[in-house]
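Biologist: Please take me through this model. I would like to hear the reasoning behind each label.

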Amino acid sequence: MRELGEGVTGFQVGEPVVTLSQMSLGGYATVTPAQAATTFSLKEVDADPAQAVAVLPNAVTAYLALTRVAHLREGESVLVHGAAGGLAATFPAVARSLGASRITGTVSSQARIADTGHLDYDEVFTSDRFVKALDGRKVDVVVDPVGGEVRTAGLDVLAPLGRILLLGHAARTSDTPVTGDELWSRNAGMLGFAVGPYLQTDPSAAQPAAAHAIRLLADGRLTQHIDEFPLSEAAEAHRRLEALEVSGRIVLTV
């Protein structure tokens with residue numbers, strides 16, 4: 001931390017901190033302003049800075065989505081699509097810490113299953129066969145940052161009063177429209193959550209979510225595969241992102 005704004009307390013100049021990304025600023029910077037409400041101290045946490053930067057924003061999203069939107073209850077099961085992706089990869093540890101029982105993941109290909117080995121999934125299937133692989137077992141919460149065909153298929157494995165969290169649309173195919181009558185007859189819910197706009201309206205929600213995530217990070221329960229690139233190779237980092245060659249997260253270093 002370089003400097004404190006007027007009236008800011010609880011921090012000291014020079015202490016290590018991590019802040020949630022501010023997408024509205026755009027671009028890259030070695031120094032950036034941040035709101036105190038979305039800035040968190042790491043001075044008492046023995047954590048790799050790259051892990052903190054890469055993991056914390058997504059873990060905050062996972063915590064808020066599971067607690068404030070899906071209202072995950074102890075003993076419920078969770079299915080996570082895009083299981084090796086940067087956002088999805090934080091859900092197993094967060095869901096487990098909240099009392100989830102069975103956590104299943106799906107990935108786009110058989111080769112991507114190996115990318116989930118360090119994560120706390122009970123089982124991982126390819127997205128084209130997860131319905132068959134579950135063999136009639138139902139799940140209470142589906143975490144879906146993928147969209148497209150897997151979004152619709154998620155309805156077929158949803159338990160009564162189950163919830164599908166809509167957290168993005170990485171798929172290159174459109175969703176199949178679902179009517180309100182279909183959700184009503186299935187006793188199912190589809191709930192959208194975008195963390196950026198939500199925290200703009202309620203910044204205070206970030207604090208308990210970050211505190212929970214930082215504890216998991218400090219305990220070693222919340223880690224991801226990270227590829228680090230120097231800032232001079234930002235173009236290659238973007239190429240890999242656009243080509244869907246990234247397992248986990250990319251961090252640019254200066």
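The talk below covers helices, buried residues, unusual backbone angles and a cavity.

Modeller: One point comes first. This is a predicted model.

Biologist: How do you know that the length of H1 agrees with that of a helix?

Modeller: H1 runs over residues 49-69, which makes 21 residues. At 1.5 Å a residue, the expected span is 30 Å. The end C-alpha atoms of H1 are 29 Å apart, so the two values agree.

Biologist: Where in H1 is there a kink?

Modeller: The kink lies at Val55 and is about 35 degrees. The proline Pro57 follows shortly after Val55.

Biologist: What makes you call H1 largely enclosed?

Modeller: Buried means under 20% relative accessible area. Of the 21 residues of H1, 17 are buried, so the rest of the structure largely encloses this helix.

Biologist: How do you know that the length of H7 agrees too?

Modeller: H7 has 13 residues, and at 1.5 Å a residue these should span 18 Å. The end C-alpha atoms of H7 are 18 Å apart, so the value agrees.

Biologist: Which residues of H7 are buried, and what do they pack against?

Modeller: The buried residues are Ala206, Ala209, Ala210, His212, Ala213, Ile214, Leu216 and Leu217. They pack against strand E2 (39-41), H1, helix H2 (91-97) and helix H6 (195-201).

Biologist: Why is Leu222 called buried?

Modeller: The cut-off for buried is under 20%. Leu222 has 2% relative accessibility, so it counts as buried. Leu222 sits in the loop between H7 (206-218) and strand E9 (226-230).

Biologist: What does Leu222 touch, beyond its neighbours within four places in sequence?

Modeller: Its contacts are Gln51, Val55, Ala59, Thr90, Ala93, Ala213, Leu216 and Leu217. Take the pair Leu222 and Val55: they are 167 residues apart in sequence, and their C-alpha atoms are 7.6 Å apart. Val55 is also the site of the kink in H1.

Biologist: Why is Phe193 called buried?

Modeller: Phe193 has 10% relative accessibility. That is under the 20% cut-off, so Phe193 counts as buried. Phe193 lies in the loop between strand E8 (189-192) and H6. Leaving out residues up to four places away, Phe193 touches Thr61, Leu64, Ala65, Val69, Leu166, Leu167 and Tyr198. Phe193 and Leu165 are 28 residues apart in sequence and 7.1 Å apart, C-alpha to C-alpha.

Biologist: Why do Ser77 and Thr126 count as buried?

Modeller: Ser77 has 5% relative accessibility, so it is buried. Thr126 has 8%, so Thr126 is buried as well. Ser77 lies in the loop between H1 and strand E3 (78-80). Thr126 is in strand E5 (residues 123-126).

Biologist: What are Ser77 and Thr126 in contact with, leaving aside neighbours within four places in sequence?

Modeller: Ser77 contacts Ser101, Arg102, Lys138, Val139, Asp140 and Val141. Thr126 contacts Val107, Ser109, Gln110 and Ile113.

Biologist: Is Asp135 buried or exposed, and why?

Modeller: Exposed means over 50%. Asp135 has 67% relative accessibility, so it counts as exposed. Asp135 is in the loop between helix H3 (130-134) and strand E6 (139-144).

Biologist: Why is Asn187 called partly exposed?

Modeller: Partly exposed lies between the 20% and 50% cut-offs. Asn187 has a relative accessible area of 46%, so that label fits. Asn187 is in the loop between helix H5 (180-186) and E8.

Biologist: What makes a positive phi worth pointing out?

Modeller: Most residues other than glycine have a negative phi. Asp135 is not a glycine, yet its phi is positive, about 55 degrees. Asn187 has a positive phi near 55 degrees and is not a glycine either. Just after H1, His71 takes a positive phi of about 50 degrees. Just after H7, Gly220 takes a positive phi of about 80 degrees.

Biologist: How many cavities of 30 Å³ or more are there?

Modeller: There is one. The largest cavity holds about 30 Å³ of space. Ala84, Ala89, Asp115, His118, Leu119, Gln224, His225, Ser247 and Gly248 line it.

Biologist: How does that lining divide by class?

Modeller: The lining has three nonpolar, five polar and one charged residues. Asp counts as charged, and Asp115 is among the lining residues.

Terms used. Residues numbered from 1 in each chain as written. Predicted model: local features only at pLDDT ≥ 70, side-chain atom pairs only at ≥ 80, totals over all residues. Heavy atoms only, no water. 1 Å grid on protein atoms, 1.4 Å probe; cavity = no way out; pocket = protein on both sides within 12 Å on 5 of 7 lines; lining within 4 Å. Points joined across faces, edges and corners; volume = space filled by probe spheres on them. Helix = DSSP H or I, 4+ residues; strand = E, 2+ residues; numbered from the N terminus. Buried < 20%, exposed > 50% of the residue type's maximum accessible area, 1.4 Å probe, protein only. Contact = heavy atoms within 4.5 Å. Expected span 1.5 Å × (residues − 1). Bend = angle between axes of the 7 residues up to and from the residue.
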